[in-house]
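The following exercises are meant to be worked through with the coordinates open, each task being followed by a stepwise solution. Please try each task before reading on.

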Amino acid sequence: MAKKRHVIVGGGTAGLNAITTIREYDKGESEVVLVAGEWPYSRMVLPYYLGHSISESHVFTATEPRMVDLGVQFARGETVPPPASQAAGDLPQLVSQFVPRSATALDTKNNKLTLDDGQVLDYDDLLIATGSSATRPPVPGADGANIYNLWTLDDARGVLSQIKDGMDVAMIGAGFISFTILNGVLSHGVKLSIIEIMPQILPRMVDKEGATLVEDWLTQRGVNLLTNTSVQSIEDVDGRKKLVMSDGSELTVDLVIMGTGIRTNLGWLEGSGVEIDQGVLVDDHMRSNVPNVYAAGDVAQGAEIITGNREVHAIEPTAMEHGRVVGANMVGRDIAYRGSLLMNILDVIELNIASFGDWTSDSGDVSVLMVPRDNVYRKLIWDGDRITGAIIMGPSRALWATNDVGMFKGIIQSRVHLGEWKQYLHENLRDIKKPFVASHITRDMLHVKTLDHPTVPSREVVAVAGS
Amino acid sequence: MSKVLQIIPEQCTGCMRCEMACSYMQTGLYQPAKSVIRVSPFERHTSYSPYTCFQCEEAWCLAACPVEAITISPAGAKVVLEDQCVGCKLCTIACPYGTIFYDTDTHKAFKCNLCGGSPACAEACPTAAIQYVEAEVQDWQGEFAAERGNVHLVGFST
């Protein structure tokens, strides 16, 4: 009997976690085919490569031997012709050597995936894990030389080839992505300007009060911030880049990095029959409306943990959890995902910024601690006596500004009723430990599992060779 | 059954020898800021309890790491592989118990590694409030903390 074939489209966090989880369960019983445009790497750690604190090889999430160990195959490349004994259209089309490929069309009625070179792959089930891509604003000159996104490994290589000590650099967009690379960019000894169209930096990660604290922190450290500013055009002048703003002011720099947003990679699914909204709509088993087609990661729109509303959470922890849950379900387990908790953590020149859950809510039931002199800001969003959102900010070197930060995740995820501790926390926002410990969250959380067994380090997962 | 660090809060006197022993074992210096076991007061400094990683089965930190820098040691502890850790801090928010930390000197995550199977804290504790025993991991401090509760509630106003 032919082996079941899982086709994984996308080699990012979701795709890789799905593969290792499939193997964790089936030890090589199935065929796993990976369709990916790049050899798998971690986008999350690109900033550390940019900042030269890790080498390029460190960003890859699998070595070639590991892929062989996992029994992952790839669609044949054009330079590898099928054996003469095979008629065109016969299988196998699979090889063990990586070939970059992308998916261009999905025929869910006939279980066929079309690739960019015209090949057609059959599948028993398929995982859509094509993630998202960086966008650029429709600004004249935005596609010129020395203008980079910082989304892919190639982008990072490009910036590294240009960036030099003493240069003037402009980052367009002051969102989460730009801020993850801020330390890395500054480590090259450049003079940095950040241009943001909204009235505050990090408009989707912190509120107005938190943002002013971050802005002051950055300005005190020599970063030039231009909020409420939009770039009208980018011109080449004497080998440099002149940015002209909407208010007529100008800024001339040597290098421009765009961090103006991302878009879900859904275009290729047109005509597939897969239901999409902001992403591929999935149930709590990561299944789309088509029973043998799944989605995970940035491309998926699945339930958020508190409300159950389906949202796209384009963050690393969600991609990881989606990948593990979908891998288990693809091998026939029955794992319901509890839902994704939105959370982020940033280090901005040693200012620690963490946000959790529904911190954007303006429900009005909030607890706030703001001490500008200490660069401390904490805000909790309440729904009755449960915390549904939090922003925790403080200098990384201040022990108690950063310790225990995970407890907020435990409190929000467990949806514990804090009861009388609400008043205590309201008055003592730095002391999360007492309410946490006294609310028996540990007792409840110790039973919580994402899969149906204790977590296995994926470096220990191998397929049984030759099966 | 493998061994776990059992905490018996009622025995804790707040002496902090565990924090000294831990930090010394981990860094060669007595510096509680680098300890991964932390003693906290309850009942306004009339009671204390140590608190550290539960080495939980879900291993949230391990699963969260984008570069697999956390693995499981022979002693069954979830340990940070320093050469692999890039300092992204994702583990510090993934752990729902708040027991993995970031070191601003090394730029890496750090956590309880059970000292390779001979936990220094258990050895240093003079009152056996920390014991390294064969047991199921549990919520060691919950009842203790709940009982000593919120002192505002026992009839005193501040």
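**Exercise 1.** How far apart do the C-alpha centres of domain 1 of chain A and domain 3 of chain A lie?

*Solution.* Bear in mind at the outset that the model is a predicted one. Begin with the bounds: chain A is divided into domain 1, made of residues 5-132 together with 263-340, domain 2, covering 136-260, and domain 3, covering 350-445. Taking the C-alpha centres of domain 1 of chain A and domain 3 of chain A, one then finds a separation of 35 Å.

**Exercise 2.** Compare the radius of gyration of chain A with the value for a compact globule, and describe the chain as a whole.

*Solution.* First, take the chain length: for 467 residues a compact globule would have a radius of gyration near 23 Å, and chain A, at 24 Å, therefore agrees with that expectation. Second, consider the extents, for the C-alpha trace of chain A spans about 75 × 65 × 40 Å along its principal axes. Third, count the secondary structure, which in chain A amounts to twelve helices and 27 strands. Fourth, turn to the packing: 47% of the 467 residues of chain A count as buried, and, of the contacts in chain A with a separation of 6 or more, 65% are between residues 24 or more positions apart.

**Exercise 3.** Trace the pairing of strands 25, 26 and 27 of chain A, and locate the turn residues with a positive phi.

*Solution.* Start with strand 25 (residues 366-371) of chain A, which pairs in the antiparallel sense with strand 26 (residues 376-383) of chain A over six bridges. Within this pair, A:L369 has A:R378 of strand 26 as its bridge partner. The two strands form a hairpin with four residues between them, and A:N375 in the turn has a positive phi of about 55 degrees. Continue to strand 27 (residues 386-395) of chain A, with which strand 26 of chain A pairs, again in the antiparallel sense, over seven bridges. Here the bridge partner of A:Y377 is A:M393 in strand 27. Strands 26 and 27 of chain A form a hairpin with two residues between them, and in that turn A:G384 has a positive phi of about 65 degrees.

**Exercise 4.** Which residues of helix 1 of chain B are buried, and what covers them?

*Solution.* Go along helix 1 (residues 17-27) of chain B and apply the criterion for burial, namely 20 or more other C-beta atoms within 10 Å; the residues that meet this criterion are B:C18, B:E19, B:A21, B:C22 and B:S23. Next, look at what lies over them: the cover includes strand 2 (38-42), strand 3 (47-51), helix 4 (120-124) and strand 8 (130-134) of chain B. Finally, just after the helix, B:G28 takes a positive phi of about 80 degrees.

**Exercise 5.** Characterise the side of chain A that touches chain B.

*Solution.* Count the contacts first, which involve 47 residues of chain A and 42 residues of chain B. Then assign residues to elements: those giving two or more residues to this side of chain A include helix 7 (316-330), strand 23 (343-348) and helix 9 (405-414) of chain A. The largest share, six residues, comes from helix 9 of chain A. By class, the residues of this side of chain A divide into 21 nonpolar, 14 polar and twelve charged.

Notes. Residues are numbered from 1 along each chain as its sequence is written. Chains are lettered from A and ligands numbered from 1 in the order in which they are written. This is a predicted model: local features need pLDDT of at least 70, side-chain atom pairs count only at pLDDT 80 or more; totals for chains, interfaces and linings use all residues. Two residues are in contact if their C-beta atoms, placed from the backbone, lie within 7 Å. Ala, Val, Leu, Ile, Met, Phe, Trp, Tyr, Cys and Pro count as nonpolar, Asp, Glu, Lys and Arg as charged, and the others, Gly among them, as polar. Domain bounds come from an automatic or database domain assignment. The radius of gyration is taken over C-alpha atoms; the globule rule is 2.2 Å times the number of residues to the power 0.38. A residue is buried if 20 or more other C-beta atoms lie within 10 Å of its own, exposed if 12 or fewer, and partly exposed in between; C-beta atoms are placed from the backbone. Two strands pair if DSSP finds at least two bridges between them.
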